[in-house]
Every structure is written in structure tokens, then in C-alpha cells.
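Let's look at how charged side chains pair up in a protein model. Have the sequence and the 3D view ready.

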Amino acid sequence: MKILIVDDHLMFAQAMRTLLTGEDDVESVSVAGSAEDALRQCGDECPDVVLMDVDLPGENGIAATRDVLRTCPSAEIVIITALQDPHLIARAVEAGAAGFVSKTRAADELTGMIRAAAAGEMVLPEEQAGEILRQLQSSRRRSVVEGPEAQLSERELEVLQAFADGLTTEQVAAHLFISERTVQSHIRSVLSKLDLHSKLQAVLWALRQGLIRLRPIE
């Protein structure tokens with residue numbers, strides 16, 4: 001797994017680099033202090049996961065997310081920030097981010113979330129995922145997809161509903177009695193139909209369209 005950390009706080013970035021370099025499944029960890037530097041590095045070699053700070057010198061992390069995905073469409077971008085503003089997160093998701101993590105998370109949680117992103121999972125703090133999706137759904141921003149409603153199949157909507165319920169790909173497969181490969185195939189189809197990048201974008205779109213729903217708070 002190749003990881004790029006985009007953060008102008010060098011102490012934090014170097015600490016993350018040291019943490020991740022020691023992981024068996026990490027091939028390389030690079031650091032960029034600005035969006036411009038990140039784009040230059042992505043032009044040389046595409047990372048699997050990009051940890052993107054929002055507050056960067058020059059172009060901010062939201063705009064940088066769009067630019068990186070144009071250069072490296074296969075990259076999974078995780079916003080890493082001390083801020084948990086739902087409107088900011090919504091902008092990041094609309095830009096193509098796979099999710100976000102807080103800089104205050106424990107080291108093992110951070111590495112676990114990075115692995116989840118590399119595997120194409122939605123990346124949200126587990127104990128806050130439902131509330132974050134609820135806030136994103138009601139945020140007063142345009143839908144991540146404009147124009148006529150895309151024609152998703154009943155099975156595709158079932159898959160999106162399961163992800164909205166907080167299940168992983170493995171759990172969705174077991175829940176729907178299909179293989180993980182079939183789940184991934186459905187997600188690729190959804191992203192192609194909606195012209196989106198991340199699973200989280202697709203779930204947010206379906207929520208805003210009223211095609212799936214969040215479980216009520218107990």
C-alpha cells in the first residue's frame with residue numbers, strides 16, 4: 001500500500017509517516033506540505049491512499065481532493081482534520097473523498113481506517129457514522145449528483161442501504177447472501193451510473209434522493 005500524507009504541519013506528518021512505515025502492508029509513505037507538492041508527487045506515482053488535511057497553504061484540501069482524483073482516479077482520499085464540521089465534510093465528500101478521520105484518533109484506529117479506505121470502504125468514525133450521515137443528508141448543499149434520477153436496480157439500492165446501515169463489504173455480502181465480489185461489482189455499477197468516485201458519495205446521493213434511509217436513533 002502506497003500512502004501520501006498531505007499536511008503542512010510537519011511534526012504531525014512526520015509522526016504519521018513513522019507510524020505507518022512500520023506497518024507490514026505499507027510499501028511507501030510520502031509527505032507533501034501543500035496541494036501543489038501533492039499533485040507533483042501524484043504525477044510521478046499514484047498513491048493508493050491520500051491522507052488530506054483541509055487547511056493547506058494555497059489551494060485548500062477540498063480543491064486538492066478534486067485535483068488529485070483527476071490525476072489519480074484510483075486513489076482513495078481520506079480527509080484528516082481536527083475539525084468535525086458537517087458542512088466541511090459534505091464538501092469533501094462531494095469532492096470525492098472516501099471519508100474522514102480525526103487527528104485525535106488513536107494510532108491503531110488511524111491505521112485501521114487507512115486500511116479500510118485502501119479496501120474501498122467508507123471511512124467514518126464508527127460511533128459517529130450514523131449521526132454524520134444524518135448531518136450530511138440534511139446539509140443545505142446541492143446534491144452530489146444533479147439532473148434526472150439515475151436508474152439504480154433494486155439490488156444496487158439494497159447494497160447502498162446496507163452500507164448506510166454501517167456494514168462492511170464482507171458483512172453486506174453475508175447479509176444479502178451474495179459474494180464480496182458481487183457486492184463490489186454492484187458498487188462499481190452504481191459509481192459508473194452516477195459518475196461518482198466513492199462509495200460514501202453514492203450513499204449520500206441515495207439518502208438525499210430518498211431512495212434509502214437511515215436507521216432511527218435508538
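What follows is a short tour of the salt bridges, one ring contact and one helix.

A quick note before we start: this is a predicted model, where local features need pLDDT of at least 70, side-chain atom pairs count only at pLDDT 80 or more, and totals for chains, interfaces and linings use all residues. Residues are numbered from 1 along each chain as its sequence is written, and side-chain values use heavy atoms, with hydrogens and water left out.

Side chains of opposite charge can pair when their charged atoms come close. Here a salt bridge means a side-chain nitrogen of Lys or Arg within 4 Å of a carboxyl oxygen of Asp or Glu. How many salt bridges does that rule give? The count comes to twelve. Three of them, including their N to O distances, are in this table.

| Acidic residue | Basic residue | N to O distance |
|---|---|---|
| Aspartate 7 | Lysine 103 | 2.9 Å |
| Aspartate 25 | Arginine 115 | 2.7 Å |
| Glutamate 156 | Lysine 193 | 3.0 Å |

Take aspartate 7 and lysine 103, which form a salt bridge. Aspartate 7 lies in the loop between strand 1 (2-6) and helix 1 (10-21), and lysine 103 in the loop between strand 5 (99-102) and helix 5 (107-118), so the pair ties together parts that are 96 residues apart in sequence. (Helices are DSSP runs of H or I with at least four residues, strands are runs of E with at least two, and both are numbered from the N terminus.) Is aspartate 7 buried or exposed? Aspartate 7 is buried, at 0% relative accessible area. Buried means under 20%, exposed over 50%, and partly exposed in between, using a 1.4 Å probe and protein chains only. Asp53 joins in too: Asp7, Asp53 and Lys103 are linked in a network of salt bridges.

Lysine 103 also lies over the face of phenylalanine 12, 4.8 Å from the ring centre. For that label, NZ of Lys or CZ of Arg must be within 6 Å of the ring centre and within 35 degrees of the ring normal.

Now for aspartate 25 and arginine 115, which meet in a salt bridge. Aspartate 25 sits in the loop between helix 1 and strand 2 (28-32) and arginine 115 in helix 5, so this pair ties together parts 90 residues apart in sequence. Aspartate 25 is partly exposed at 34%, and arginine 115 is partly exposed at 31%.

Finally, lysine 193 pairs with glutamate 156. Lysine 193 is partly exposed at 41%, whereas glutamate 156 is buried at 4%. Helix 7 has other buried residues, among them Leu157 and Phe163.
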